[in-house]
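Please look over the sequence and the structure shown here, and then read the short report beneath them.

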Amino acid sequence: MNTSKHHSSTETLVIGAILTALVVILQYMGQFIRLGMFSISLVLIPIVIGAAVCGPKISTWLGFVFGVVVLYTDAAAFMAISIPGTVITVLAKGIVCGLTAGIVYRLIAKKNRYLATIVAAIACPIANTGVFLLGCVFFFLDTIREWGISLGFENVIAYMFLGLVGGNFLVEMASNILLSPIVVRVLHIIRKA
């Protein structure tokens, strides 16, 4: 293995480890930032950063770590309904959002890294929320329908989009679009120095 390739893989592992710790810390701290029944997922920012700086393998790993931490911090309401459904949904949404960010970034970065970061920052929360909603339909629909009715929503789909995930999704998307490109740009500048 030549020296530059070894340095690059070591650097990727170090950055990946730092981002892993950041995912864990942000998810634990995010428990205190709530909009509705869920915490805001600020961890999507380091997942996008991992996608841009380290690639899809690291961003997928970060998504998996995100899912594991969510199982311990923010999944109690769903665990009470279905443990297997919760584990599948939460791990899948984390893994898919990390993988999606990594693939999207890699495809677009060949043309423009800044645009790639923005599109990955958009794709990551869409994948996260989309897989969560699919999990809700497959594993928790009857309970979610009851939650919606108790809050005045006659239509379960309206409740899922407006009451269950709407506000969180918008905050996650906005924070991701604003912060991810800035951090990635700074890291690229530091790496060149």
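The report goes from the overall fold to the nonpolar cores and then to the surface.

This is a predicted model, in which local features need pLDDT of at least 70 and side-chain atom pairs count only at pLDDT 80 or more, while totals for chains, interfaces and linings use all residues. Residues are numbered from 1 along each chain as its sequence is written, and side-chain values use heavy atoms, with hydrogens and water left out.

The chain has eight helices and two strands, where helices (H or I, at least four residues) and strands (E, at least two) are DSSP runs numbered from the N terminus. Along the sequence they follow the pattern α-β-β-α-α-α-α-α-α-α.

Buried residues, meaning those under 20% relative accessible area with a 1.4 Å probe and protein chains only, make up 47% of the 193 residues. A nonpolar core is a set of buried Ala, Val, Leu, Ile, Met, Phe, Trp, Tyr and Cys residues joined through side-chain atoms within 4.5 Å. The largest such core has 35 residues, and V23, I47, F66, C97 and C124 have the most contacts inside it. The elements in the table each give two or more residues to this core.

| Element | Residues |
|---|---|
| α1 | 3–30 |
| α2 | 44–53 |
| α3 | 56–73 |
| α5 | 83–109 |
| α6 | 113–139 |

The largest share, eight residues, comes from α2. Apart from this core lies another of eleven residues, among them F140, I144, V156 and Y159.

On the surface, is L179 buried or partly exposed? L179, which lies in helix α8 (residues 156–192), is partly exposed, with a relative accessible area of 41%, where partly exposed means between the 20% limit for buried and the 50% above which a residue is exposed.
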